[in-house]
Amino acid sequence: MVRKIIIDYRKLSDGNFVTKVSNIITAMTGNPDFPTPIPPLSDLSAALGEFVTAMAAAGEGGKALVEIKNQKRIALAELVSQLGLFIMYTANGNTTVLAGTGYDLTKIPGSQTLANPGAVKIKDG
């Protein structure tokens, strides 16, 4: 089974999302497996900075500021997703390469054994 990375971080809080994106940028900066990532890390860094600024402004209140923050998060998440797709394509399933990107690897599904369901009766109906 080909390993993949998680590219959807919608369930993370804003603070945890900032930490995850920062870790991705750090891991990808100078990464020899991805000398010219698409999108460029400078785009990701700029979007992260805009999101952090919008988070601070939204903390002061106001629906308009919260909406701006939400839009900045969506834009950043789109870049994170695009970069993740580029990484998966380039890595071609190489787990070592994927693990060095700052993204989380998907779990390997384990085998499951079903318990005996007991006496099963099928009725025409």
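This tour moves from the whole chain to helix H3 and its surroundings in a predicted model.

**The whole chain.** Begin with all 125 residues in view. The chain holds four helices and zero strands, and from the N terminus its elements follow the order α-α-α-α. Turn the C-alpha trace along its principal axes: the spans are about 60 × 45 × 20 Å. The radius of gyration is 20 Å, whereas a compact globule of 125 residues would have one near 14 Å.

**Surface and charge.** Next, display the accessible surface, which amounts to about 8400 Å², with 58% of it supplied by carbon and sulfur atoms. Of the residues, 31% count as buried. Colouring by charge brings out 12 positive and 10 negative side chains, with the centres of the two sets 12 Å apart.

**Helix H3.** Now select residues 63–91, which form helix H3. Its end C-alpha atoms lie 42 Å apart, in agreement with the 42 Å expected because 29 residues rise at 1.5 Å a residue. Within H3, show the side chains of the buried residues, among them Leu76, Leu79, Val80, Leu83, Phe86 and Ile87. Lys69 and Arg73 are buried as well. An α-helix has 3.6 residues a turn, so residues three or four places apart point the same way.

**What covers H3.** Add helices H1 (14–28), H2 (41–58) and H4 (95–99) to the selection; the cover over the buried residues of H3 includes these three elements.

**The end of H3.** Finally, centre on Asn92, just after H3, where phi is positive at about 50 degrees.

**Contacts along the chain.** Return to the full view: of the contacts between residues at least 6 apart in sequence, 73% join residues at least 24 apart.

How values were computed:
Residues numbered from 1 in each chain as written. Predicted model: local features only at pLDDT ≥ 70, side-chain atom pairs only at ≥ 80, totals over all residues. Heavy atoms only, no water. Helix = DSSP H or I, 4+ residues; strand = E, 2+ residues; numbered from the N terminus. Expected span 1.5 Å × (residues − 1). Buried < 20%, exposed > 50% of the residue type's maximum accessible area, 1.4 Å probe, protein only. Contact = heavy atoms within 4.5 Å. Rg over C-alpha atoms; globule rule 2.2 N^0.38 Å. Areas by Shrake-Rupley, 256 points an atom, 1.4 Å probe, with all protein chains shown as cover. Lys, Arg positive; Asp, Glu negative; His and termini not counted. Charge placed at Lys NZ, Arg CZ, Asp CG, Glu CD.
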